[in-house]
Amino acid sequence: LTLDEALTDDSVALSLGYLRPTGQSDSTGRAILFMDFSQEGKADYTSFSLIRTVWYAIHVALEDENAQKEGIVIIVKCVDSLRQLGIKTSKELCGNMQGVLPLRLGCFQICHPPSFVNIILKIMRLLLPKKLRSRIRQHTGTHEEVIDLLAIYGIPKSAVPDIWGGDLNLEGHSEWLEARRSIENGRY
């Protein structure tokens, strides 16, 4: 998958930064990705375009040999309101992800979820396989408390988005895309 070939028609969905590698690993070597559900529906794109960008982010994270062996961890920013929730896209994404890649999912670390997300997660947990159910964690409290909770799971402050008091700059996504384009075109 490359930006200029397989994802040539996905520039709008790519620009959202819906799922992006942080370029960092947790204490066990799993690649850390950041998923921002609040970006859903903020532009005109197809659900399949967004799904392709998710695949791209996962493939980039899996370029790291440790991530191939140990897996990935996804830090999640939830939607801000129920109106933002793209149920169709989320359902298609889950359907596309199931059993397709030999991907080891360490955990979904859901940070600062609104109260309605707790209800949704309780329902989802009833439908998810036991193994996946145990890999969803919610963290609430102050930004410092959430950073401390993430640190318990081996996630450094440098991989926590700056919107929560971490050091990961979320504004640098377009620069990251350009850096990826240079790597893919052989211009290191």
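**View 1. The exposed side of α5 in this predicted model.** Here's the outward-looking part of the helix: Ser115, Ile119, Lys122, Ile123 and Leu126 are exposed, on the other side of α5 from its buried residues. Helix α5 itself runs over residues 115-127. A reminder for reading the spacing: an α-helix has 3.6 residues a turn, so residues three or four places apart point the same way.

**View 2. The buried face of α5.** Flip your attention to Phe116, Val117 and Leu121, the buried residues of this helix. Looking down the axis of α5, they fall within an arc of 135 degrees, so they line one face of the helix. As for what sits over them, the cover includes two strands, β4 (105-111) and β5 (136-139).

**View 3. A nonpolar patch on the surface.** Four side chains make up this one: Ile119, Ile123, Leu126 and Leu127. Together they have about 490 Å² of accessible area. Leu127 belongs to α5, and it counts as exposed because its relative accessibility is 72%, where exposed means over 50%. Ile119, Ile123 and Leu126 turn up again from the exposed side of α5.

**View 4. Stepping back to the whole protein.** There are eight helices and five strands, and along the sequence they go α-β-β-α-α-β-α-β-α-α-β-α-α. Of the 188 residues, 44% are buried. Take the contacts with a separation of 6 or more: 74% of them come from residues 24 or more positions apart. The accessible surface adds up to about 10300 Å², with 54% belonging to carbon and sulfur atoms.

Conventions
Residues are numbered from 1 along each chain as its sequence is written. This is a predicted model: local features need pLDDT of at least 70, side-chain atom pairs count only at pLDDT 80 or more; totals for chains, interfaces and linings use all residues. Side-chain values use heavy atoms; hydrogens and water are left out. Patches are made of residues with over 30% relative accessible area and no salt bridge: like charges are joined within 9 Å, nonpolar side chains (Val, Leu, Ile, Met, Phe, Trp, Tyr) within 5 Å. Accessible areas come from the Shrake-Rupley method with a 1.4 Å probe; for residues, only the protein chains shown count as cover. Helices (H or I, at least four residues) and strands (E, at least two) are DSSP runs, numbered from the N terminus. Buried means under 20% relative accessible area, exposed over 50%, partly exposed in between (1.4 Å probe, protein chains only). The arc is that of the directions from the helix axis to the C-beta atoms. Contact means heavy atoms within 4.5 Å.
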